[in-house]
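Visitor: I'm new to this structure and would like a close look at a single part of it. Please pick one spot and walk me through it, then show me how the rest connects.

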Amino acid sequence: MFRKVLFPTDFSEGSEKAAKRFEKTNDVSVGEVILLHVIDEGTLEDLLNGYSLLYKDEEIELEEIKRKLKEKFMERLQAKVEDVKKAFKTDKVKPVVRFGFPWEEIVKVAEEEDVSLIILPTHGKLGFSKELIGSTAMRVLKKTYRPVLLIKPKCRCGDEE
């Protein structure tokens, strides 16, 4: 049994396929799944660049935008809880939304939650790259002391392609 698994998702096809592949190949139950989504601070800054000029108090406005984003992504995670329970053979799923750089937050949450395994797709939203492994997955591998299971979005697994 895996005591506690961290499954970060960016809601991409790669994340979806990683969960399905884990479900098909894993025979043991999971005690708890930490279902994590990280709102990328770099992307957020790019989106808001110049936006703050429209408001008198940009800090208050930024906090309101962050609150709404966190709320929206928590709703999206909640909508995935039943699928995650099935895929990971568990009754306990803890949705978590964080702001930051995805690889840093994945490593932090893995430590904070004392997970026994991190499951990552090799490529997420920016999966157009021909590289063997995506930059987030590579950074997590380099920075964490936790075991990491990488799952390719496109591979032959049994009868699927």
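Guide: Let's start where helix α4 (residues 102-112) packs with helix α5 (residues 135-143): the angle between them is about 40°, and their axes lie 9 Å apart. Because of that angle, α4 counts as oblique to α5 (under 35 degrees is roughly parallel, over 145 roughly antiparallel, 65 to 115 roughly perpendicular, and the rest oblique). Axes here are lines fitted to C-alpha atoms, for helices over the stretch in contact, with angles from 0 to 180 degrees between N-to-C directions. Helices (H or I, at least four residues) and strands (E, at least two) are DSSP runs numbered from the N terminus.

The crossing of α4 past α5 is right-handed (the near helix is turned clockwise from the far one by less than a right angle; anticlockwise would be left-handed). On the α4 side, P102, W103, I106 and V107 make the contact, and on the α5 side T136, R139, V140 and K143 do (contact means heavy atoms within 4.5 Å). Sort these residues by type and you get five nonpolar, one polar and two charged (Ala, Val, Leu, Ile, Met, Phe, Trp, Tyr, Cys and Pro are nonpolar, Asp, Glu, Lys and Arg charged, the others, Gly among them, polar).

Before going on, a word about what you're looking at: this is a predicted model, where local features need pLDDT of at least 70 and side-chain atom pairs count only at pLDDT 80 or more, while totals for chains, interfaces and linings use all residues. Residues are numbered from 1 along each chain as its sequence is written, and side-chain values use heavy atoms, with hydrogens and water left out.

Back to α4. Its buried residues are E105, I106, V107, V109 and A110 (buried is under 20% relative accessible area, exposed over 50%, partly exposed in between, with a 1.4 Å probe and protein chains only). I106 and V107 also turned up in the contact with α5. But α5 isn't the whole story: the buried residues of α4 pack against β1, β2, β3 and β4 as well as α5.

After α4 comes D114, with a positive phi near 50°. D114 sits in the loop between α4 and β4, and it isn't a glycine. Most residues other than glycine have a negative phi. At 38% relative accessibility, D114 is partly exposed. K89 makes a nice companion: it too has a positive phi, about 50°, without being a glycine. You'll find K89 in the loop between α3 (58-88) and β3, partly exposed at 34% relative accessibility.

Now for the strands that α4 packs against. Five strands form an open sheet, with parallel pairing, in the order β3-β2-β1-β4-β5 (strands pair if DSSP finds at least two bridges between them). At the edges are β3 (93-100) and β5 (148-151), each pairing on one side only. On average, neighbouring strands are turned by 25° against each other, ignoring direction.

Take β1 (residues 2-8), which is mostly covered, with five of its seven residues buried. It runs parallel to β2 (residues 30-40), and six bridges join the two. One pairing to look for is K4, whose bridge partner in β2 is E32. E32 is buried, at 14% relative accessible area. Leaving out residues up to four places away in sequence, E32 touches R3, K4, V5, T90, K92 and K94.

β1 also runs parallel to β4 (residues 117-121), joined by two bridges, and there V5 stands opposite L117. Helix α1 (residues 13-25) packs on this sheet too, touching β1, β2, β4 and β5, with its direction at about 160° to that of β1.

Over on β3 you can find P95, buried with a relative accessible area of 17%. P95 touches L35, M74, L77, Q78 and V81, again not counting residues up to four places away in sequence. From P95 to E75 is 9.4 Å, C-alpha to C-alpha, with their positions 20 residues apart in sequence.

Stepping back, the protein has five helices and five strands, following the pattern β-α-β-α-α-β-α-β-α-β along the sequence. Of its 161 residues, 40% count as buried. And among contacts between residues at least 6 apart in sequence, 78% join residues at least 24 apart.
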